[in-house]
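Colleague: Could you walk me through this one slowly, as I am still new to reading structures?

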Amino acid sequence: MDLEKIERLTDGLPWMRLDQARKLAERFAEWLPLNILEIGTYHGTGACYFGEMVRERGGHVTTVDLTSSPPERSNEIVRARIEQCGLDNVTVVKHEIGAEG
């Protein structure tokens, strides 16, 4: 697991910091989660850290945010960030409040 790589590639974007990711990684080593649901994608930094944490065990992350997010948090930008981190185990879902499904 290379959390420092994720820090470099997300370039200090908010909101999860490396020290927070390390603390979560310690817990994940005990709990061994395979699937994570993140509510609130923001810039995708947390999703990248989570994806890296569960990748070696074949885990998956689904991150959900509103479609009304600002342009710097668009699906395309978040997906590009996840791809840049080399993660293929993260799914980004945008949802409109009140939308069916």
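Modeller: What follows is a talk about one helix, some charged pairs, a packed pair of helices and one strand residue. Please keep in mind throughout that this is a predicted model.

Colleague: Okay, let's start with α4. Which of its residues are buried?

Modeller: Helix α4 covers residues 75-84, and its buried residues are Asn75, Val78, Arg81 and Ile82. Around the axis they take up an arc of only 135 degrees, which means that they lie on the same side of α4. As background, an α-helix has 3.6 residues a turn, so residues three or four places apart point the same way.

Colleague: And which exposed residues sit on the face turned away from that buried side?

Modeller: That face of α4 carries Glu76 and Glu83, which are exposed.

Colleague: What covers the buried residues, then?

Modeller: The cover includes helix α1 (3-10) and helix α3 (45-55), together with strand β3 (90-95). If you then follow the chain past α4, you come to Gly86, whose phi is positive, near 75 degrees.

Colleague: Switching to charges: how many salt bridges are there?

Modeller: The count comes to seven salt bridges. The general idea is that side chains of opposite charge can pair when their charged atoms come close. One of the bridges joins Arg22 to Glu4, with the closest N and O atoms 2.5 Å apart. Arg22 belongs to helix α2 (residues 18-31) and Glu4 to helix α1, so this pair ties together parts that are 18 residues apart in sequence.

Colleague: Are those two buried, partly exposed or exposed?

Modeller: Arg22 counts as partly exposed because its relative accessibility is 40%, and Glu4, with a relative accessible area of 32%, is partly exposed as well.

Colleague: What does Arg17 pair with?

Modeller: Arg17 forms a salt bridge with Asp19, and their closest N and O atoms are 3.0 Å apart. Arg17 has 47% relative accessibility and therefore counts as partly exposed, while Asp19, at 35%, is also partly exposed.

Colleague: What about Glu52, which partner does it have in α3?

Modeller: Glu52 forms a salt bridge with Arg55, where the closest N and O atoms are 3.1 Å apart. The two are three residues apart in helix α3, so about one helical turn separates them. Glu52 counts as buried because its relative accessibility is 1%, whereas Arg55, at 33%, counts as partly exposed. Through salt bridges that share partners, Lys5, Glu52, Arg55 and Glu56 are joined into one network.

Colleague: You mentioned α1 and α3 earlier. At what angle do they pack?

Modeller: Their packing angle is about 155 degrees, and their axes are 10 Å apart. Angles over 145 degrees count as roughly antiparallel, so α1 is roughly antiparallel to α3. The contact is made on the α1 side by Leu3, Lys5, Ile6, Glu7 and Thr10, and on the α3 side by Thr45, Cys48, Tyr49, Glu52 and Met53.

Colleague: Is the crossing left-handed or right-handed?

Modeller: α1 passes α3 in a right-handed crossing.

Colleague: Last topic: where is Ile39 found, and is it buried or exposed?

Modeller: Ile39 belongs to strand β1, which covers residues 35-39, and because its relative accessibility is 68%, Ile39 counts as exposed. From C-alpha to C-alpha, Ile39 and Val64 are 5.1 Å apart in space, although 25 residues apart in sequence.

Conventions
Residues numbered from 1 in each chain as written. Predicted model: local features only at pLDDT ≥ 70, side-chain atom pairs only at ≥ 80, totals over all residues. Heavy atoms only, no water. Buried < 20%, exposed > 50% of the residue type's maximum accessible area, 1.4 Å probe, protein only. Helix = DSSP H or I, 4+ residues; strand = E, 2+ residues; numbered from the N terminus. Arc of directions from axis to C-beta. Contact = heavy atoms within 4.5 Å. Salt bridge = Lys/Arg side-chain N within 4 Å of Asp/Glu carboxyl O. Axes fitted to C-alpha atoms, helices over the stretch in contact; angles between N-to-C directions. Parallel < 35°, antiparallel > 145°, perpendicular 65-115°, else oblique. Left-handed = near helix turned anticlockwise from the far one by under 90°.
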